[in-house]
Amino acid sequence: MMEIVKFNDGEIANDFSPFFKVYKDGYIERCLPIIKVPPSHELPTSLQSKDVLITTEPPISARIFMPQMTKLNSKLPVLIYIHGGGFALRSPFDPIYQKYVASIVTEANVIAVAIEYRLAPENPIPTGYEDSWTSLRWVASHANGHGPEPWLNIHGDFSRVFLAGDSAGANIAYNLAVRIRSVLPKMKLAGMILMHPFFMGSKLDKMWFYLCPRNGGLKDSRFKPAAEDMARTGCERVLVFLAGRDKLKNAGRSYYEELKKCGWEGNVEMVEHDGVGHVFHLLKPRCEQALDMMKRLVSFINQEHVIISWTSKI
């Protein structure tokens with residue numbers, strides 16, 4: 001069968017490099033290909049992984065990672081991970097996330113559920129938020145031991161659930177956390193980890209508004225967290241990671257400062273790594289700063305001490 005190739009007219013209407021370009025004829029060109037590998041790809045022998053279908057309409061799936069269990073009914077914390085990519089790139093099935101989430105599972109000894117939400121601009125915001133909320137509710141359906149996924153029913157400890165995400169995924173994680181408290185009473189959100197969160201306050205603001213045609217302007221609380229929303233954050237502990245050379249750093253720092261004084265009664269911690277850029281931990285996972293970040297992330301999940309407002313100089 002002859003392959004049909006779609007050509008654009010060459011005139012760019014909106015250029016959001018390094019994420020995507022939109023041509024005047026509607027053609028969308030991503031600056032990075034969407035790469036997906038199977039659950040077994042470079043998976044350590046100490047782990048097991050599989051893909052699950054959360055809903056068919058709309059199509060939402062996830063990849064679950066779990067350590068090889070030596071005790072039949074042992075319980076582990078559950079980590080819900082939401083990938084970044086400006087709402088328009090990447091996937092939990094991407095080799096970068098396959099490796100990183102597997103590393104967290106290995107180091108922290110958790111079960112991880114990495115969400116595959118539909119990407120913008122084909123699926124405008126709030127699609128990513130709503131797909132992730134549907135996925136969160138699916139995870140929560142296992143809290144009574146009668147959900148559709150045996151790994152979660154048998155081994156998930158739903159008194160120790162964590163939300164984590166990087167960049168746009170951190171933004172989504174925050175938006176889930178402020179909705180969770182009154183809706184999912186059987187599942188306790190123990191903590192939230194935001195890595196280089198994508199909030200309002202950088203040159204990328206224009207892209208978020210483009211991806212969210214029905215927005216609330218400069219006061220849209222999904223992108224610029226509002227004090228009344230932050231006060232409803234449905235966990236007792238939050239850990240924010242920043243990178244010294246990241247253009248999103250100031251927005252992340254502002255979130256941290258506002259969360260401390262909004263009336264929320266939990267504990268927020270911030271770790272800034274100097275001399276590195278946005279999502280450096282994904283691009284150079286073996287560098288000193290990335291190893292330090294992993295150590296602190298694992299300590300947070302395992303409720304060990306993390307220094308508040310610490311700035312790394314390594």
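Biologist: Which helices each supply at least two residues of the lining of the second largest pocket?

Modeller: Those are α1, α8 and α9, the last spanning residues 288-301. Helices here are DSSP runs of H or I, at least four residues, and strands are E runs of at least two, numbered from the N terminus. Keep in mind that this is a predicted model, where local features need pLDDT of at least 70 and side-chain atom pairs count only at 80 or more, while totals for chains, interfaces and linings use all residues. Residues are numbered from 1 along each chain, and side-chain values use heavy atoms, without hydrogens and water.

Biologist: Which of them gives the largest share of that lining?

Modeller: α1 does, with seven residues. The whole lining of the second largest pocket has 17 residues, and S103, E107, P285, R286 and M294 lie nearest the centre. A pocket is an open set of 1 Å grid points, over the protein atoms alone, that a 1.4 Å probe fits, with protein on both sides within 12 Å along at least five of seven lines; lining residues have an atom within 4 Å of a point.

Biologist: And what lines the largest pocket?

Modeller: There are 20 lining residues, and F19, G85, R90, H278 and V279 lie nearest the centre of this one. Two elements give two or more residues to it: α1 (95-108) and α8 (280-283).

Biologist: Changing topic, how many aromatic pairs are there?

Modeller: The count is 16, for rings of Phe, Tyr and Trp (its six-membered ring) with centres within 6.5 Å; planes under 30 degrees apart are stacked, over 60 edge-to-face, the rest tilted. One of them is F87 with Y129, an edge-to-face pair at 5.7 Å centre to centre and 70° between the planes. F87 sits in the loop between β6 (76-82) and α1, and Y129 is 42 residues away in helix α2, residues 127-140.

Biologist: Is F87 buried or exposed?

Modeller: F87 is buried, at 2% relative accessible area, and Y129 counts as buried at 4%. Buried is under 20%, exposed over 50%, partly exposed in between (1.4 Å probe, protein chains only). Another edge-to-face pair is Y174 with Y255, at 5.6 Å and 75°. Y174 in α4 (168-177) and Y255 in α7 (249-261) are 81 residues apart, and both are buried.

Biologist: Which rings join F87 and Y129 in a cluster?

Modeller: Ring pairs link them with F198, W208, F209 and F223.

Biologist: What's the mean pLDDT of the chain?

Modeller: It is 92, and 92% of the residues reach 70 or more; pLDDT is the predictor's confidence in each residue, from 0 to 100. The value stays under 50 over residues 1-7 and over residues 305-314.

Methods:
Contact = heavy atoms within 4.5 Å.
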